Amino acid sequence: MTDFERELVKAFNRFFEENHIDGIAYRRKQHRFSSQFCDLLVDSDHPDYYMAIENKSLKTSKNNTLYFSQHFSEANDKHQVERITDFVEKSGRKGFLAVELRRGRGKSRKAFLVPWKVVDRKYETEAVGLPIEKIKEFPEIKRNGENYNIEKLVEEAD
């Protein structure tokens, strides 16, 4: 599990606890030769918090786009975007892509939450990926010191 994934799990679970919402965020254990549907799952009886979240971390000094060919995997002749779209549709979860932009030494990281339907639409139109400028149009996952804070984020992103 990456630091970004771990931080998001903590942020969601802290949010649920502080707001007395029944819900839990977690990452299923990944085995070496098996793929997972997406990085984080959020379970709650509250429909706004029944989610699947794929996480990507991108170094902005080397990339100006999150490329479908480079930053997503392909397994069993199926692209990762297609696999996640299938999972989101079959599970009834709200799907999101959380993108952390690592901006280099001395600059704070920023993260954004992109609705999965936007990612899928871009992929279906045969775009090469999502430009960073497009990613920045979506709600930012704010930081409070070293911790991400998802307060009110889901409502904004939907």
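**Helices and sheet of the predicted model**

Histidine 20 is found in the loop that joins helix 1 to strand 1. The model described here is predicted. Just after helix 1, histidine 20 adopts a positive phi of about 55°, although the residue is not a glycine. With a relative accessible area of 73%, histidine 20 is exposed, the threshold for this class being over 50%.

Helix 1 comprises residues 3-18. At 1.5 Å a residue, its 16 residues should span 22 Å, and the end C-alpha atoms are indeed 22 Å apart, so the expected and modelled lengths agree. The buried residues of helix 1 include the aromatic positions Phe4, Phe12, Phe15 and Phe16. Glu5, Glu7, Leu8, Val9 and Ala11 of this helix are buried as well. Helix 1 lies across strand 1, strand 2 (40-44), strand 3 (51-59), strand 7 (94-102), strand 8 (110-115), strand 10 and strand 11. Its direction runs at about 175° to that of strand 1.

The sheet is open and consists of seven strands in the order 1-2-3-7-8-10-11, with mixed pairing. Its edges are formed by strand 1 (23-26) and strand 11 (147-149), each of which pairs on one side only. On average, neighbouring strands of the sheet are turned by 25° against each other, direction ignored. In general, the strands of a sheet pair through backbone hydrogen bonds, in either a parallel or an antiparallel sense.

Strand 2 and strand 3 are paired in the antiparallel sense over three bridges. The two strands form a hairpin, with six residues between them. Within this pair, valine 42 stands opposite methionine 51 of strand 3. Strand 3 is also paired with strand 7, here in the parallel sense and over nine bridges. Glutamate 54 stands opposite leucine 97 of strand 7. Seven of the nine residues of strand 3 are buried, and the strand is therefore largely enclosed by the rest of the structure.

Towards the other edge of the sheet, strand 10 (residues 140-144) pairs with strand 11 in the antiparallel sense over three bridges. Arginine 143 stands opposite tyrosine 148 of strand 11. Helix 4 packs on the sheet, where it touches strand 3, strand 7 and strand 8. The direction of helix 4 makes about 75° with that of strand 8.

Helix 3 covers residues 80-91. For its 12 residues a span of 16 Å is expected at 1.5 Å a residue, and the end C-alpha atoms lie 16 Å apart, which agrees. Gln80, Val81, Arg83, Ile84, Thr85, Phe87 and Val88 are the buried residues of helix 3. Glycine 92 follows helix 3 and has a positive phi, near 80°.

Two packed helices are described by the angle and the distance between their axes. The axes of helix 3 and helix 4 come within 10 Å and cross at roughly 135°. The two helices are therefore oblique to each other, since an angle would have to be over 145 degrees to count as roughly antiparallel. The crossing of helix 3 past helix 4 is left-handed. On the side of helix 3, the contact is made by Val81, Glu82, Ile84 and Thr85. Helix 4 contributes Trp116, Val119, Asp120 and Tyr123.

Lysine 122 is placed in helix 4 (residues 116-124). With a relative accessible area of 28%, lysine 122 is partly exposed, because this class lies between the limits of 20% and 50%. Residues up to four places away in sequence aside, lysine 122 touches Phe68, Ala127, Gly129 and Leu130. Lysine 122 and glutamate 18 are 104 residues apart along the chain, and their C-alpha atoms are separated by 36 Å.

Glutamate 126 is found in the loop between helix 4 and strand 9 (129-131). Glutamate 126 has a positive phi of about 65°, although it is not a glycine. Its relative accessibility of 72% means that glutamate 126 counts as exposed.

Notes:
Residues are numbered from 1 along each chain as its sequence is written. This is a predicted model: local features need pLDDT of at least 70, side-chain atom pairs count only at pLDDT 80 or more; totals for chains, interfaces and linings use all residues. Side-chain values use heavy atoms; hydrogens and water are left out. Helices (H or I, at least four residues) and strands (E, at least two) are DSSP runs, numbered from the N terminus. Buried means under 20% relative accessible area, exposed over 50%, partly exposed in between (1.4 Å probe, protein chains only). Contact means heavy atoms within 4.5 Å. Two strands pair if DSSP finds at least two bridges between them. Axes are lines fitted to C-alpha atoms, for helices over the stretch in contact, and angles run from 0 to 180 degrees between N-to-C directions. The expected span of a helix is 1.5 Å times one less than its number of residues. Angles under 35 degrees count as roughly parallel, over 145 as roughly antiparallel, 65 to 115 as roughly perpendicular and the rest as oblique. A crossing is left-handed if the near helix is turned anticlockwise from the far one by less than a right angle, and right-handed if clockwise.
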